[in-house]
Amino acid sequence: MDYISTRGSAPTLDFRAATLAGLASDGGLYVPAAWPRLGTDDIRALAGLDYVETAVRIMAPFVAGVLSEDELRALCRAAYGRFSHDAVTPLVQLDHRHWLLELFHGPTLAFKDVALQLLGQLFETFLAGGDRDITIVGATSGDTGSAAIEAVAGREHIRIFMLHPEGRVSDVQRRQMTTVLAPNVHNIAIDGSFDDAQAMVKRLFGDEEARNRVTLSAVNSINWARLMAQIVYYFYAGVRLGAPDREIAFSVPTGNFGDVFAGYVAAQMGLPVAKLVVATNVNDILHRALTRGDYSAGHVTPTATPSMDIQVSSNFERLLFDLSGRDGGAIRRMMAEFDASRAMSIPEDMLAGARRLFSSARIDGDEMALALRWAQERGGQLIDPHSAVGLAAARALEIDADVPVVTLATAHPAKFPDAVERASGVRPPLPARLGNLFDREERYEKLPGDYDAVKAYILAEAARG
Ligand SMILES: Cc1ncc(COP(=O)(O)O)c(C=O)c1O
Ligand SMILES: N[C@@H](CCOP(=O)(O)O)C(=O)O
């Protein structure tokens with residue numbers, strides 16, 4: 001499979017090169033040159049397969065020409081063998097039509113592990129035996145950071161710099177990152193928001209001096225391989241609820257538009273998706289974009305769902321690329337307008353295309369808490385606040401009564417004990433697999449929200465080896 005940039009002018013790459021590159025050199029995001037399609041018989045044949053085999057069937061077309069099915073299978077076994085549930089992403093029924101897709105059974109208790117455990121394996125495979133070192137620079141609002149660090153800590157040929165917004169992630173999330181003391185791991189707390197951190201990461205990728213000094217790579221969902229791995233669980237859940245013979249709706253707590261974009265790809269590949277619900281908190285750029293065409297980055301408001309406190313959603317560019325008829329020039333112009341003014345309006349014809357599959361909802365703190373309590377009282381499940389945003393949006397969805405609605409449960413409640421206790425009165429205990437998290441030494445650098453300071457720090461540390 002070839003990979004092309006959403007902005008049309010970066011070189012076409014194969015899967016290996018696209019994975020190692022992360023962001024395209026023209027500032028765009030890599031996407032497959034075409035969406036592979038599964039026929040109804042292919043989808044029916046997924047029923048009864050375990051997670052690893054499902055993953056191999058779904059991802060094989062994307063890695064074709066670079067990895068054989070057997071190589072892919074070995075990497076998936078290594079990645080998903082580390083999950084604490086045999087089903088990897090089990091479905092839990094809440095009532096007659098609502099389901100939770102639990103994505104938090106990986107080592108760091110968030111959906112990010114599903115992709116990052118595999119990405120760690122891919123990096124190791126692609127760098128093995130070579131003399132090339134990569135420098136991963138990432139931004140996190142709490143979950144990508146720990147999942148990425150867990151996936152690459154101690155690996156040869158890789159160093160990782162992870163930027164998080166100081167004071168805006170939960171204590172559990174911060175400690176999951178900052179107590180990893182492997183020498184190739186560098187945590188940086190910046191004075192600013194996740195959006196500020198993400199903007200610095202993207203700027204670094206376009207910075208010639210930085211690119212000449214280190215080989216940059218990405219673990220955020222700007223890296224296509226992240227999204228590829230997330231497509232799998234839409235199929236895995238879908239076939240268990242009757243696909244290809246029944247449509248399924250998914251409600252996705254959304255920030256950077258990565259997880260829900262993976263659902264869009266599943267639909268392009270043939271999964272019968274009735275609706276994809278983009279569930280945002282009060283940081284609602286995506287809700288405004290999908291309802292009014294208003295894609296303008298407002299101020300980021302800290303909430304009880306910190307991982308979704310995002311007002312610039314990187315992967316929306318991938319959707320716009322498809323909605324524009326894959327017109328790289330048009331996307332380059334739109335993104336230049338956005339970069340200059342922090343705002344753009346989405347043309348009505350593009351919006352109409354999006355609304356055929358997507359709907360959206362903006363969920364405030366009270367609505368989130370209500371949904372959290374509903375899951376507890378009606379479904380017997382203590383869920384995390386991000387999943388509760390998804391569930392609130394799912395319950396507001398107007399859709400045929402015979403369509404099952406799956407809410408993606410993106411994190412374990414124990415990552416957000418204060419917010420869960422405030423909403424439910426129950427404090428979720430830290431799972432044993434996190435061990436003595438609160439007794440461990442923390443190590444991280446605090447830096448101002450200033451690009452030059454962050455760049456200087458990264459290049460100096462990278463030069464140290
Ligand atoms: C727990 C949780 N839920 C939802 C999201 C939003 O996912 P995405 O950024 O892929 O839209 C995130 C962060 O990405 C998260 O960490
Ligand atoms: N919510 C994320 C933000 C980064 O998103 P990503 O999916 O692009 O890595 C986080 O928790 O870090």
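This tour proceeds through a predicted model, selection by selection.

**Ligand 1.** Begin by selecting ligand 1 and the 17 residues that surround it. The closest of these are Asp-143, Asn-256, Gly-258, Ser-307 and Thr-410. Helix α11, residues 258–268, contributes the most to this shell, with 3 residues. Coloured by class, the shell shows 9 polar, 6 nonpolar and 2 charged residues.

**Ligand 2.** Select ligand 2 next, together with the 13 residues around it. Thr-140, Asp-143, Thr-144, Asn-220 and Ser-221 come nearest. The largest share of this shell, 3 residues, is supplied by helix α6, residues 143–152. Its residues divide into 11 polar, 1 nonpolar and 1 charged.

**Lys-112.** Move to Lys-112, where an unreviewed UniProt entry places the feature "modified residue: N6-(pyridoxal phosphate)lysine". Lys-112 belongs to helix α5, residues 112–127. Is Lys-112 buried or exposed? Lys-112 is buried, because 33 other C-beta atoms lie within 10 Å, and 20 or more suffice for that class. Beyond its neighbours within four places in sequence, Lys-112 is in contact with Asp-143, Thr-144 and Ala-147. Asp-143 is also listed among the closest residues to ligand 1, and both Asp-143 and Thr-144 among the nearest to ligand 2.

**The N-terminal span and helix α3.** Select residues 3–80, which an unreviewed UniProt entry annotates as "domain: Threonine synthase N-terminal". This span is 47% helix and 8% strand, and its end C-alpha atoms lie 26 Å apart.

Now isolate α3, residues 51–63. At 1.5 Å a residue, its 13 residues should span 18 Å, and the end C-alpha atoms are indeed 18 Å apart. Centre on Arg-57, where α3 bends by about 35 degrees; a proline, Pro-61, follows within four residues. The buried residues of α3 are Tyr-51, Thr-54, Ala-55, Val-56, Ile-58, Met-59, Phe-62 and Val-63. Display α1 (15–21), β2 (30–32), α4 (69–80) and α10 (224–240) to see elements that are included in their cover. After the helix comes Gly-65, with a positive phi near 90 degrees.

**Helix α12.** Select residues 285–292, in which Ile-285, Leu-286, His-287, Ala-289 and Leu-290 are buried. These buried residues pack against three strands and two helices that can be shown in turn: β10 (273–280), β11 (294–296), β13 (358–362), α13 (316–323) and α15 (348–355). Gly-293, which follows α12, has a positive phi near 75 degrees.

**Backbone features in loops.** Most residues other than glycine have a negative phi, and most peptide bonds are trans. Three places depart from this pattern.

- Ala-243 and Pro-244 are joined by a cis peptide bond, with omega about 10 degrees; Pro-244 lies in the loop between α10 and β9 (248–253).
- His-157 has a positive phi of about 70 degrees and sits in the loop between α6 and β6 (158–165). With 18 C-beta neighbours inside 10 Å, His-157 counts as partly exposed.
- Arg-326 has a positive phi near 60 degrees and is found in the loop between α13 and α14 (328–341). Arg-326 is partly exposed, with 15 other C-beta atoms within 10 Å.

**Leu-434.** Finish at Leu-434, in the loop between α18 (417–424) and β15 (445–447). Leu-434 has 19 other C-beta atoms within 10 Å and is therefore partly exposed, as the buried class requires 20 or more. A distance drawn from its C-alpha atom to that of Val-312, 122 residues apart along the chain, gives 31 Å.

Methods. Residues numbered from 1 in each chain as written. Chains lettered and ligands numbered in written order. Predicted model: local features only at pLDDT ≥ 70, side-chain atom pairs only at ≥ 80, totals over all residues. Near = placed C-beta within 6 Å. Nonpolar A, V, L, I, M, F, W, Y, C, P; charged D, E, K, R; others polar. Expected span 1.5 Å × (residues − 1). Bend = angle between axes of the 7 residues up to and from the residue. Buried ≥ 20, exposed ≤ 12 C-beta atoms within 10 Å, placed from the backbone. Contact = placed C-beta atoms within 7 Å. UniProt positions renumbered as here; feature names shortened; annotations may be inferred.
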